[in-house]
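Welcome, and please open your viewer. We will go from one selection to the next and say what is there at each stop.

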Amino acid sequence: SSSSSSSSHKSSRNNEDWTVCNRCETYRPPRAHHCRVCHRCVRRMDHHCPWINNCVGELNQKYFIQFLFYTGLASLYAMGLVLTTWLWPVDSVGAEGSASGHPLRTAHRIILLVESILFGLFVTVIFYDQLVSIITDETPIEQLRNRLRKEPHREVSHAE
């Protein structure tokens, strides 16, 4: 039953016609969304990404995923470098001030390690979200629209 609803959902998408965008007043292809930052309609728009200063959509999602993958690898590399210098320090023997700089270097290593871990986790979550979007063939905007359509309209109670 889920496969039949999925195929009917996909076929209904293919039957959609072009519409006119009420914001930019141009023809909008099916499954397009208007970006408030770029001021244009983007087919299968995922989001507007400030890192690449562009919308992530049908034509550049592959490159965005590659960007995320290599950024995640860079975070892993940074974690490895920080851990390597922490576990196997290369201190010059007899250098002046090496003992006084040790707590500062330890604090610096901790900050760099926490930063690379947090950045790596952030990139991993976005990468996972992109893969789910590809597997389900739905952008997050479409997922939100479908969730709002399926959710029963609840009465909002206001305290008086």
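A residue counts as buried when its relative accessible area is under 20%, as exposed when it is over 50%, and as partly exposed in between. Keep that cut-off at hand for the stops below. Please also bear in mind that this is a predicted model.

**Stop 1: the whole chain.** Show everything as a cartoon. You should find 4 helices and 6 strands. Coming from the N terminus, you pass them in the order α-β-β-β-β-β-β-α-α-α. Now switch on a surface: the accessible area of the protein is about 12100 Å², and carbon and sulfur atoms account for 61% of that. Of the 160 residues, 26% count as buried. If you like contact maps, take the contacts between residues at least 6 apart in sequence: 39% of these join residues at least 24 apart.

**Stop 2: helix α2.** Select residues 61-87, which make up α2. This helix has 27 residues, and from its first C-alpha to its last it reaches 39 Å, close to the 39 Å expected at 1.5 Å a residue. Which residues of α2 are buried? Colour Gln 61, Phe 64, Ile 65, Leu 68, Thr 71, Gly 72, Ser 75, Met 79 and Val 82 to see them. Then bring in what covers these buried residues: β5, β6 and α3 (102-136) are among the elements that do so.

**Stop 3: the aromatic rings.** Show the side chains of Phe, Tyr and Trp. The structure holds 6 aromatic pairs. Zoom in on one of them, Trp 51 with Phe 67: their ring centres are 5.8 Å apart and the planes make an angle of 70°, an edge-to-face arrangement. Where do the two partners sit along the chain? Trp 51 is in the loop between β5 (47-49) and β6 (54-56), while Phe 67 belongs to helix α2, so the pair links distant parts of the chain, 16 residues apart. Both partners are partly exposed, because the relative accessible area is 36% for Trp 51 and 31% for Phe 67, values that lie between the 20% and 50% cut-offs. Now widen the selection to Trp 51, Phe 64, Phe 67, Phe 119 and Phe 122, which form one aromatic cluster. Phe 64 is also one of the buried residues of α2.

**Stop 4: helix α4.** Finish with residues 140-150, where the buried residues are Ile 141, Glu 142 and Asn 146. Turn the view to look down the axis of α4: these buried residues fall within an arc of 130°, so they line one face of the helix.

Notes: Residues numbered from 1 in each chain as written. Predicted model: local features only at pLDDT ≥ 70, side-chain atom pairs only at ≥ 80, totals over all residues. Heavy atoms only, no water. Buried < 20%, exposed > 50% of the residue type's maximum accessible area, 1.4 Å probe, protein only. Helix = DSSP H or I, 4+ residues; strand = E, 2+ residues; numbered from the N terminus. Arc of directions from axis to C-beta. Contact = heavy atoms within 4.5 Å. Areas by Shrake-Rupley, 256 points an atom, 1.4 Å probe, with all protein chains shown as cover. Phe/Tyr/Trp six-rings, centres within 6.5 Å; stacked < 30°, edge-to-face > 60°. Expected span 1.5 Å × (residues − 1).
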